[in-house]
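Open the model in your viewer and switch to cartoon. Keep the selection panel at hand.

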Amino acid sequence: MDIQYIKTLFSEKFGCEGIHYAAPGRINLIGEHTDYNGGFVFPGAVVQGIHAIIQPNGTHKVRAYAADLNSYGEFSIEDEKGPSEMHFRYVFGVAREMIAQGIAVEGFDTVFCGDVPLGAGMSSSAALESCFAFALNDMFWENRIDKMTLAKIGQATEHKYVGVNCGIMDQFASVHGRKNCLMRLDCQSGAFEYFPWEPKGYRLVLVNSCVKHELVGSPYNDRRRSCERVAAAIAKTKSGVETLRDCSWSDLERVRQEVGEEDYRRARYVLGEVDRVLAVSDALNRGDYETVGQQMYATHEGLSKDYEVSCEEIDFLVETAKNLAVTGCRIMGGGFGGCTINLVKDEHYAAFVQKIPSAYKAKFGIDCKIIDVEIGDGARRIE
Ligand code: GLA
């Protein structure tokens, strides 16, 4: 990414120098669609992210330039409605949510750009939210807001300004990321640990299918509602149940008739995924990457068959990976396209990156993109 380019653009447009902030996208080793169910997730920040040059302008207006999209917008942070362009709504939403927290956010000028592929399930939107949440906290509040609250500000922006009822994983990872570490977050308690990620003899590789099936309505929000219905059914006869995390396998069996087959299968996936993250944590502590890989395939099976958030192209990439002796592979992120995440043994890497693109092209006529995962730092100010 050409940082000098956005710095120059900033001074040309606004006649001064700005401060440089950045926040990353993320990968997730395992623990998909568990965050809003109070389960565990296992993300890490990537080196790709959003970079922004920002400077307060002493008004109540934001003047923003999205360099990649060649899009300029002006909006007031005092206005309830805000801009209609989605890339500016993230910025506006973060500013509004910070004001709601009692922070005296003022207007600012900014130029931003990014290199997280859009629609790839790598959380480009969380990167944008975290970048501005971090920056506004630094510029207007001397970093008095803690990191978890910054992540929640990004999440609230998705809920209220974008309409996606996401969990906390993406914003958490973007804010807390640490170079060469994955993080296991317990989304119920908020407790998390860093796991150094230095697999000897293996590497993580993303394959971006370059498809995104935007279905009618909001399938992500629908999945979340299914899980909430099952938890509510169980809560009728068991006290202390707030999310599926509080439910056992026998609780689920008890309400199977009542909730119906579709919601039952959604919840069955989630309960299994909570168990799989714990199995992966144990396996990582032993350096047992074969088990990690098996659990990734099991996650994919659940996401594809029970949770139904995969698609033909991604299922093909997972099958092909299996045939190429890849240790573990699954769809990553919210679903319906985007990337697979692959745990690949060093000795299989060359064949993998050569054969996957040609097989995919032959089947669908689409060029996929190989992305070697590099785990980077979270949101930060760059001096
Ligand atoms: C999206 C959401 C996250 C999480 C994942 C699925 O990335 O933003 O909160 O639910 O999907 O694991």
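How many bridges pair E10 with strand E11 (residues 337-345), and in which sense, parallel or antiparallel? Select both strands. E10 and E11 pair over 4 bridges, in the antiparallel sense. Keep in mind that this is a predicted model.

**Stop 1: the sheet around E10**

Show Cys329 and Asn342 as sticks. Cys329 stands opposite Asn342, which belongs to E11. Now widen the selection to the whole sheet. It is open, has 4 strands and follows the order E10-E11-E9-E12. Pairing here is antiparallel. Colour the edges next: they are strand E10 (328-331) and strand E12 (369-372), and each pairs on one side only. From one strand to the next, the twist averages 20°.

Add helix H10 (residues 289-306). Helix H10 packs on this sheet and touches strand E9 (202-212), E10 and E11. The direction of H10 makes about 30° with that of E10.

**Stop 2: the sheet of 6 strands**

Move to the other sheet. This open sheet of 6 strands runs in the order E5-E4-E6-E3-E1-E13, and its pairing is mixed. Strand E5 (71-76) and strand E13 (380-382) stand at the edges. Each has a single partner strand, so one side of each lacks a neighbour in the sheet. The twist averages 25° from one strand to the next.

Select strand E3 (residues 43-56) and strand E6 (residues 108-114). They run antiparallel and are joined by 7 bridges. Ile54 stands opposite Thr110 in E6.

Two helices are worth adding. Helix H2 (residues 86-100) lies across strand E4 (61-66), E5 and E6, at about 35° to E5. Helix H5 (residues 169-176) lies across strand E1 (19-28) and E3, at about 130° to E1.

**Stop 3: the ligand**

Select the ligand and show the residues around it. The surrounding residues are Arg26, Glu32, His33, Asp35, Tyr36, Cys166, Gly167, Met169, Asp170, Tyr220, Gly333 and Gly334. By class, this shell has 4 nonpolar, 4 polar and 4 charged residues.

Which distances should you check? Try these, each to an oxygen atom of the ligand:

- Arg26: a polar side-chain atom lies 3.1 Å away.
- Asp35: a polar side-chain atom lies 2.5 Å away.
- Gly334: a backbone N or O atom lies 3.3 Å away.

Finish with a surface view. The protein covers 92% of the 310 Å² of accessible area that the ligand has on its own.

Terms used. Residues are numbered from 1 along each chain as its sequence is written. This is a predicted model: local features need pLDDT of at least 70, side-chain atom pairs count only at pLDDT 80 or more; totals for chains, interfaces and linings use all residues. Side-chain values use heavy atoms; hydrogens and water are left out. Two strands pair if DSSP finds at least two bridges between them. Axes are lines fitted to C-alpha atoms, for helices over the stretch in contact, and angles run from 0 to 180 degrees between N-to-C directions. Contact means heavy atoms within 4.5 Å. A residue is near a molecule or strand if one of its heavy atoms lies within 4 Å of it. A polar contact is a pair of N or O atoms within 3.5 Å; within protein, one must be able to donate a hydrogen and the other to accept it, and residues adjacent in sequence count only if both atoms are side-chain atoms. Accessible areas come from the Shrake-Rupley method with a 1.4 Å probe; for residues, only the protein chains shown count as cover. Ala, Val, Leu, Ile, Met, Phe, Trp, Tyr, Cys and Pro count as nonpolar, Asp, Glu, Lys and Arg as charged, and the others, Gly among them, as polar.
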